[in-house]
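User: Please take a close look at one helix of this chain and describe how its residues are arranged.

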Amino acid sequence: MNKTRVEAFTDAVLAIILTIMILEFKTPESFSILAVVDQIPYLISYAVGYLFIGTAWYNHHYMFAKTKRVTKGVYWANNFWMFTTSFIPLRLLGWAVV
């Protein structure tokens with residue numbers, strides 16, 4: 001399997017995950033600072049999730065730079081990693097709402 005295709009697919013999936021995470025932000029109904037303060041838990045949650053996914057993405061590209069070929073096992077391990085990463089928005093936002 002061509003490793004550049006796996007890298008490109010992973011990049012696309014992670015970009016979608018980050019996009020879904022930002023959708024939790026709501027437009028404040030007023031210009032008061034209190035309306036913005038209500039969004040702080042989501043902002044912190046988003047920042048932590050973005051940092052985690054950004055670090056994982058960097059490590060993923062570092063590993064693939066060292067990889068000569070992608071086997072079926074590597075492909076499915078990568079898919080499982082992306083699947084578990086897709087739960088980050090749910091976990092972090094669940095903590096932020098509490």
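Analyst:
**Helix H1**

The residues of H1 that count as buried (under 20% relative accessible area with a 1.4 Å probe, protein chains only; exposed is over 50%, partly exposed in between) are Val6, Glu7, Thr10, Val13, Leu14, Ile17, Leu18 and Met21. They lie on the same side of H1, because they cover an arc of only 140 degrees around the axis, the arc being that of the directions from the helix axis to the C-beta atoms. An α-helix has 3.6 residues a turn, so residues three or four places apart point the same way. On the other side of H1, Arg5 and Ile16 are exposed.

This is a predicted model, in which local features need pLDDT of at least 70 and side-chain atom pairs count only at pLDDT 80 or more, whereas totals for chains, interfaces and linings use all residues. Residues are numbered from 1 along each chain as its sequence is written, and side-chain values use heavy atoms, with hydrogens and water left out.

Helix H1 comprises the 20 residues 3-22. Helices are DSSP runs (H or I, at least four residues), and strands (E) need at least two; both are numbered from the N terminus. At 1.5 Å times one less than its number of residues, H1 should span 28 Å, and the 29 Å between its end C-alpha atoms agrees with this.

Two buried residues of H1, Val6 and Thr10, are touched by Asn78, which also contacts His60 and Phe64, leaving aside residues up to four places away in sequence; contact means heavy atoms within 4.5 Å. Asn78 belongs to helix H4 (residues 72-85) and counts as buried because its relative accessibility is 6%.
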